[in-house]
2 protein chains.
Amino acid sequence: TTAVTWADGLAGDTRQQIQVIKDKAINDDLSYDIIESLTTEVGPRMVGTPAEKASVKWAVNKMKSLGFDKVWTEESEATLWQRGELDAQITAPYPQHVKALALGNSVGTNGETLSAEVVAFDNLDALKDAPAGSLENKIAFVTYQMERHRDGHGYGKAVGARVSGASEAAKKGAVGFIMRSVGTDTNRFAHTGVQMYQDDVKKIPALALSNPDADLLESMLTRDEPVTFSIKMDNGKTKSKTTTIANVIGEVTGSKHPEQVVTLGAHLDSWDVGTGAVDDGIGVGITLAAGHYLSQLEARPERTLRVILFAAEEIGLHGAKDYVEKHKNEMDNHVIGAEWDFGNGKIYELAPGVSEQSLEDMRAFAQLLAPLGVTMADTNNAKGQSDMSALGNAGQPAVNFNPDGSDYFDFHHTENDTLDKVDKAALKTNTAIYSMFALFATDSGVNFRN
Amino acid sequence: TTAVTWADGLAGDTRQQIQVIKDKAINDDLSYDIIESLTTEVGPRMVGTPAEKASVKWAVNKMKSLGFDKVWTEESEATLWQRGELDAQITAPYPQHVKALALGNSVGTNGETLSAEVVAFDNLDALKDAPAGSLENKIAFVTYQMERHRDGHGYGKAVGARVSGASEAAKKGAVGFIMRSVGTDTNRFAHTGVQMYQDDVKKIPALALSNPDADLLESMLTRDEPVTFSIKMDNGKTKSKTTTIANVIGEVTGSKHPEQVVTLGAHLDSWDVGTGAVDDGIGVGITLAAGHYLSQLEARPERTLRVILFAAEEIGLHGAKDYVEKHKNEMDNHVIGAEWDFGNGKIYELAPGVSEQSLEDMRAFAQLLAPLGVTMADTNNAKGQSDMSALGNAGQPAVNFNPDGSDYFDFHHTENDTLDKVDKAALKTNTAIYSMFALFATDSGVNFRN
Ligand SMILES: [Zn+2]
Ligand SMILES: [Zn+2]
Ligand SMILES: [Zn+2]
Ligand SMILES: [Zn+2]
């Protein structure tokens with residue numbers, strides 16, 4: 001088969017080209033320069049803002065200037081949510097303002113100040129266990145502290161409270177929901193992120209407090225006096241309106257099988273609070289640089305490389321879902337995909353999600369990454385990070401490149417997600433890995449589906 | 001002499017008591033608990049705010065409950081400056097909001113939006129060298145990045161721009177002054193701090209940008225297009241009014257020479273942005289704990305220990321100056337003093353400022369600190385940190401205990417100065433050192449003046 005052919009080393013040209021592209025990427029600043037350009041010339045790219053529209057223009061122009069053969073946008077509609085002014089305070093027994101951020105989709109307080117006593121819970125499960133009606137006219141406070149782990153699995157244990165805490169609290173009668181930020185830092189930044197109201201449950205305001213402010217509130221609660229908290233915020237004015245979003249797509253056209261596409265993904269949108277340098281400026285930088293390097297090869301790869309900068313990832317993978325819908329009839333031609341949407345650390349693992357028959361080829365490719373400190377996982381169930389998982393769930397084979405995520409949640413979804421957080425050395429290595437993968441997948445002839 | 005007597009080991013009781021008090025402090029949470037109480041029950045204590053008044057009550061009550069024999073306040077008046085709302089933006093070529101803070105004493109923009117082109121300077125000297133009139137209708141931007149050093153001397157090299165940059169810019173015609181924050185971190189917090197307008201120079205708004213935002217502005221300036229910046233802020237509404245401030249003073253009365261006072265100092269006020277846990281909650285915690293430990297000794301020290309919590313240090317040592325004025329007739333009875341107002345690191349050095357004749361005794365005392373990692377400096381010119389330098393300049397001998405200040409300027413004068421930044425282990429050691437010093441100075445009979 002083709003697969004064995006490649007692993008057997010018969011595709012010597014591809015192998016050599018992979019080395020060439022590795023040397024190029026690892027000595028180049030291109031991906032960093034792209035992130036610098038995006039964060040400087042556009043900045044935060046929250047869905048529905050003028051900067052988000054500017055980011056689409058920026059991306060189209062950047063892809064063209066980088067040598068992509070075809071560049072286009074695919075538009076759709078997404079629900080618009082915009083953050084309003086927020087004032088959050090502990091009002092008794094010791095008044096202090098706190099640093100907080102509304103969670104995505106949170107309603108506001110309609111010009112009123114919501115004030116109520118705080119009841120603390122260790123975690124989401126404890127909140128769910130509260131007796132019915134026990135939170136009438138109370139504000140529920142989940143104190144759970146996210147754990148730090150290299151693979152970021154502390155996020156999964158913490159994020160449930162963010163996604164569904166407000167509705168769970170409302171079911172018990174609560175009038176507001178506050179939580180310790182899903183973050184591993186001790187900086188006085190709150191971490192925002194999406195939350196989802198459940199149907200037929202009252203929508204109550206939902207906030208994340210910075211870790212130091214959650215500490216402060218917990219300290220007050222130790223003093224055996226009622227602690228009251230007030231929230232005034234005017235989010236949600238634009239709720240129920242929609243906004244036009246756009247995936248930006250660029251291709252380096254394959255020389256032999258142009259209809260077969262290898263996808264690299266990242267999301268172009270960001271939260272509004274930082275400049276989205278890490279989340280997901282790094283993904284934009286890596287994937288565009290990989291496309292550029294392939295476009296500059298004298299001998300074009302056989303398959304097409306398609307770089308997809310997804311829209312509206314942060315508010316619920318809207319762009320990815322739209323992509324799958326629009327491209328369902330050509331999904332069989334989606335050979336394999338990988339996304340970068342997980343921080344600034346160095347990749348230590350390649351985790352495949354491919355046919356059993358192609359695993360040997362993937363192992364042969366992984367050998368080329370070994371000098372960069374990458375090993376191959378024993379598992380074979382990867383669906384792709386973030387947006388790419390939507391394509392993975394629609395049948396596209398995938399690879400996850402897993403980086404050291406130890407400090408990612410120090411600045412994730414905060415004002416602190418800025419260019420200086422990009423680790424330049426790790427970025428060069430990671431850019432090389434994605435570029436090598438792009439060439440392997442487009443030019444090896446390996447069938448990752450069968 | 002008495003001095004030699006002590007160093008010769010004849011004051012064996014004192015020596016033993018010093019060991020007792022060391023063991024007590026190093027195994028106790030008292031200083032931490034005091035900081036927790038101050039930051040939780042009062043929080044930020046900016047001069048002129050209700051919380052500052054609350055802090056005075058808090059301090060009086062805390063001293064009484066800790067066993068001080070006499071507790072009183074000394075009131076005076078200080079000029080009132082209060083921060084207003086601030087909106088700071090880069091408006092062209094790529095509009096982005098930035099994180100910035102007004103410098104202390106800065107005027108506002110009188111309800112208008114000030115907008116002008118930015119001209120960058122590497123440092124204060126470069127700004128001073130600008131040709132006369134060259135900054136007409138411009139905003140001057142000093143980009144200097146503070147250096148990180150253990151002894152914090154990077155601060156001295158950076159802070160000149162903060163203190164006098166606005167007036168120097170105004171002399172050249174500038175309408176606004178912005179600077180990279182005096183700070184060593186890469187967090188998106190601006191560092192505030194006092195600035196002083198020069199007489200007969202136009203007062204222009206003065207801001208510090210967070211380090212990531214200063215990076216952003218510098219990136220924009222590399223693009224060879226005019227960069228414009230806008231400032232709208234309503235500080236200074238209360239300018240030229242005064243406010244009542246109060247030093248809070250507590251004594252553990254000496255058993256033999258009550259009129260001879262050893263002073264320990266810290267400042268009670270803080271900037272408004274953090275909770276002032278480190279600056280200078282730690283000083284409050286250490287000095288009150290030391291007083292408590294002395295008050296609990298069965299045999300009271302011979303001299304009086306006076307703990308002074310100074311008012312309005314942040315806006316210009318107002319409380320310290322008032323103290324010196326009010327106590328000038330008894331300054332000769334001020335035996336020696338030490339302040340804590342330099343961060344959360346472990347003390348590595350004792351730097352004296354005492355009579356030549358008492359140096360041998362100080363060396364003998366320093367030997368007791370050697371197991372705690374403290375060495376004695378070769379110099380003998382210490383005046384005391386911060387407030388205490390006002391007493392030092394009025395003739396009071398002093399000791400500076402120098403801590404590792406490597407990371408102090410990561411959170412100094414930012415929103416990020418919160419309780420979690422207190423290093424509990426270093427705090428215990430430092431509390432022990434101050435307590436040991438307090439006992440040595442009150443009970444050894446050493447004459448530090450002659
Ligand atoms: Zn992301
Ligand atoms: Zn995200
Ligand atoms: Zn201070
Ligand atoms: Zn200070």
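The following paragraphs describe a zinc site and the enclosed cavities of a predicted model. Local features were considered at pLDDT of at least 70 and side-chain atom pairs at pLDDT 80 or more, whereas totals for chains, interfaces and linings use all residues. Residues are numbered from 1 along each chain as its sequence is written, chains are lettered from A and ligands numbered from 1 in the order in which they are written, and side-chain values rest on heavy atoms, with hydrogens and water left out.

The zinc ion (ligand 1) is coordinated at 2.0 to 2.5 Å by His267(A) through NE2, by Asp279(A) through OD and by Asp341(A) through OD, the last of these being listed twice; donors are N, O and S atoms within 2.8 Å of the metal (3.2 Å for Na, K and Ca), and sites may look incomplete because water is not among the atoms. The four donor atoms subtend angles of 56 to 147° at this ion, and the arrangement is therefore irregular, given that four donors count as tetrahedral if all angles lie between 85 and 135 degrees, and as square planar if opposite donors are over 155 degrees apart and all others between 65 and 115. In sequence, the donor residues follow the spacing H-x11-D-x61-D. His267(A), in strand 11 (residues 257-267) of chain A, and Asp341(A), in the loop between strand 13 (334-339) and strand 14 (347-353), lie 74 residues apart and link distant parts of the chain; strands are DSSP runs (E, at least two residues) and helices likewise (H or I, at least four), numbered from the N terminus. His267(A) is buried at 0% relative accessibility, as is Asp341(A) at 9%, where buried means under 20% relative accessible area (1.4 Å probe, protein chains only). Asp279(A) bridges the zinc ion (ligand 1) and the zinc ion (ligand 2), which are 3.2 Å apart.

The structure holds eight cavities of 30 Å³ or more, a cavity being a set of points on a 1 Å grid over the protein atoms alone where a 1.4 Å probe fits but cannot get out, with lining residues having an atom within 4 Å of a point. The volume of the largest is about 100 Å³, a volume being the space filled by probe spheres set on the points. Its lining draws on both chains, including Arg188(A), Asp213(A), Thr39(B) and Asp420(B). Helix 7 (211-221) of chain A and helix 3 (30-41) of chain B each give two or more residues to this lining, and the largest share, five residues, comes from helix 7 of chain A. The second largest cavity encloses about 50 Å³, and among its lining residues are Trp271(B), Asp279(B), Glu314(B) and His413(B).

Definitions and conventions. Four donors count as tetrahedral if all angles lie between 85 and 135 degrees; four count as square planar and six as octahedral if opposite donors are over 155 degrees apart and all others between 65 and 115; anything else is irregular. Buried means under 20% relative accessible area, exposed over 50%, partly exposed in between (1.4 Å probe, protein chains only). On a 1 Å grid over the protein atoms alone, a cavity is a set of points where a 1.4 Å probe fits but cannot get out, and a pocket is an open set with protein on both sides within 12 Å along at least five of seven lines; lining residues have an atom within 4 Å of a point.
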